[in-house]
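Hi everyone, thanks for coming. I'd like to walk you through one model today, so let's put it up on the screen.

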Amino acid sequence: YGRCIEAIIEHLEAAIAYASEPMANALRALIAFYRSGEDADREAYDIAWVQDRESPVDTINGFVEVYLDARSIKGAWEALVFYVNREKTHQIQTIAANAQWFEDHMPWDPRYRRSGAQGVTANAIDIVIETGESGPITPVGINLPNDQAIRELHGSKSVSLSNVIEAYEKSIIPELRSEFSWTDDETARAVKWSAFAGELATNMHEVIGHGSGRVAERLNGNPQAALKEQFSSIEESRADLVALYFVADPKLVELGLVAEEDHADVVLAEYEAYTRNALVQLRRVREGTQIEEDHMRNRQMIVHWLMANTGAVELRRRDGKTYYVMADARAFREGVGRLLADVQRIKGEGDYGAAKALFETYGVTFDPAVRDEVVARVERLKLPSYTGFVMPRLDAVRDEAGAIVDVEISYPLDLASQMLEYSAATRHLRP
Ligand SMILES: [Zn+2]
């Protein structure tokens with residue numbers, strides 16, 4: 001990585017001159033960490049990054065997420081540059097401003113409750129560029145840093161990726177919803193509400209999901225060490241369950257985030273979409289009979305746990321097709337609350353055995369015959385398994401002296417040429 005990291009540092013140094021003071025501090029700390037690789041420097045960077053709450057432009061840059069490592073230790077490199085979308089930021093900031101209320105109403109043992117919820121900084125953002133593990137296939141929400149001790153002491157930053165969510169929504173093929181919906185009502189609710197409900201759930205997942213709760217003292221703020229390869233799946237489950245639990249809470253109406261007359265439909269749309277996804281996501285695992293990716297494991301675990309332990313989700317068949325049907329929203333929420341209490345306990349105590357049992361029972365293996373059926377259905381409809389994004393292209397406009405006077409934005413709208421351009425731009429850094 002040496003030559004690549006040298007080049008990254010060069011760009012970070014060039015950015016310092018244009019950064020606000022808190023951001024410049026974070027960039028300097030990041031450079032120091034890239035140079036040393038020492039954990040103490042990584043901590044200093046995490047703290048400096050979290051303390052930069054106001055900058056209108058921000059970046060995530062480094063070996064961050066461990067979802068792809070079977071041991072959940074090695075971070076995959078990613079880099080994002082983004083700016084705050086002022087108009088869309090209201091919803092996520094309202095959730096963050098009320099974080100303590102949500103914390104106080106979590107359906108888990110009060111010993112895991114965080115008091116004086118440490119500032120969760122939350123913004124809706126527009127992505128300028130994402131590369132490495134975060135692009136061109138992108139997350140829709142991010143909450144960092146991953147270091148639990150820093151989260152508890154210094155807080156965290158959450159972002160919801162507005163322009164990504166909007167582009168996803170506009171590019172969805174209608175059949176992806178109707179093919180796997182049990183009724184026409186379900187399809188209609190998905191068309192009308194799933195974008196809205198999905199964004200709301202993502203915001204809650206990041207801010208009051210990842211941002212909430214505390215762990216037992218003896219874990220020293222490091223439940224990862226106790227939960228090992230199960231940690232990421234447990235943490236993603238916890239965040240999803242918080243969102244599923246509170247999406248049905250009347251508090252959202254009181255906060256003005258959902259209109260009272262729409263609330264029941266929004267909840268149904270979210271629960272139905274979540275349930276369908278556990279089936280539809282199997283299209284991404286075309287070989288073998290095991291799910292490896294942590295988010296996919298967590299989503300399968302939750303739906304299959306609900307199927308086994310509540311009357312909320314049913315497996316039905318019609319005309320040779322399999323459906324996952326959300327049959328009872330009240331039972332769904334009640335089950336989610338029970339499972340969330342246990343998942344928080346597992347994280348809070350670092351209960352590795354319980355985490356492993358939970359995922360091995362409900363989250364890892366699947367019936368290959370059902371997967372083959374799902375693959376055949378999506379192939380017939382030509383539905384994509386993944387969506388890759390084309391970034392806006394920025395070209396500097398310079399005056400005669402070479403100073404940047406403007407930036408021209410264009411949209412190449414071609415994934416292959418984008419990736420070839422990126423590859424060419426970094427060719428000299430590879431052996
Ligand atoms: Zn997450």
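**Helix packing first**

So, α13 and α15 are roughly perpendicular to each other. Before I go on, please keep in mind that this is a predicted model. Back to that pair: α13 covers residues 263-280 and α15 covers residues 329-349. Their axes are 11 Å apart, and the packing angle is about 70°. An angle from 65 to 115 degrees counts as roughly perpendicular, which is how this pair gets its label. As for handedness, the crossing of α13 past α15 is left-handed.

Which residues meet there? From α13 we have Leu268, Tyr271 and Thr275, and they meet Ala329, Phe332 and Arg333 in α15. By class, that contact has 4 nonpolar residues, 1 polar and 1 charged.

Now follow α15 to its other partner on my list, helix α16, residues 352-362. Here the angle is about 135° and the axes are 9 Å apart. That value makes α15 oblique to α16. On the α15 side, the contact uses Leu339, Val343, Arg345 and Ile346. On the α16 side you'll find Ala354, Ala355 and Leu358. The class split is 6 nonpolar, no polar and 1 charged.

Let's move on to the cavities. How many cavities of 30 Å³ or more are there? The count comes to 3. The largest holds about 130 Å³ of space. It is lined by 17 residues, and those closest to its centre are Asp58, Phe82, Asn123, Lys157 and Val159. Strands β1 (57-65), β2 (76-84), β3 (120-132), β4 (141-144) and β5 (156-161) each give two or more residues to that lining. If you are thinking about its chemistry, the lining of the largest cavity has 8 nonpolar, 4 polar and 5 charged residues.

Last, some backbone details for those of you who like to check torsions. The loop between β3 and β4 holds proline 136, and the peptide bond into it from glycine 135 is cis, with omega near 5°. Another cis bond runs from leucine 144 to proline 145, with omega near 0°. Proline 145 sits in the loop between β4 and α6 (148-154).

And where is serine 72? Look in the loop between β1 and β2. Its phi is near 55°, a positive value in a residue other than glycine.

That's my tour, and I'm happy to rotate the view for anyone who wants another look.

Key:
Residues numbered from 1 in each chain as written. Predicted model: local features only at pLDDT ≥ 70, side-chain atom pairs only at ≥ 80, totals over all residues. Heavy atoms only, no water. 1 Å grid on protein atoms, 1.4 Å probe; cavity = no way out; pocket = protein on both sides within 12 Å on 5 of 7 lines; lining within 4 Å. Points joined across faces, edges and corners; volume = space filled by probe spheres on them. Helix = DSSP H or I, 4+ residues; strand = E, 2+ residues; numbered from the N terminus. Nonpolar A, V, L, I, M, F, W, Y, C, P; charged D, E, K, R; others polar. Axes fitted to C-alpha atoms, helices over the stretch in contact; angles between N-to-C directions. Parallel < 35°, antiparallel > 145°, perpendicular 65-115°, else oblique. Left-handed = near helix turned anticlockwise from the far one by under 90°. Contact = heavy atoms within 4.5 Å.
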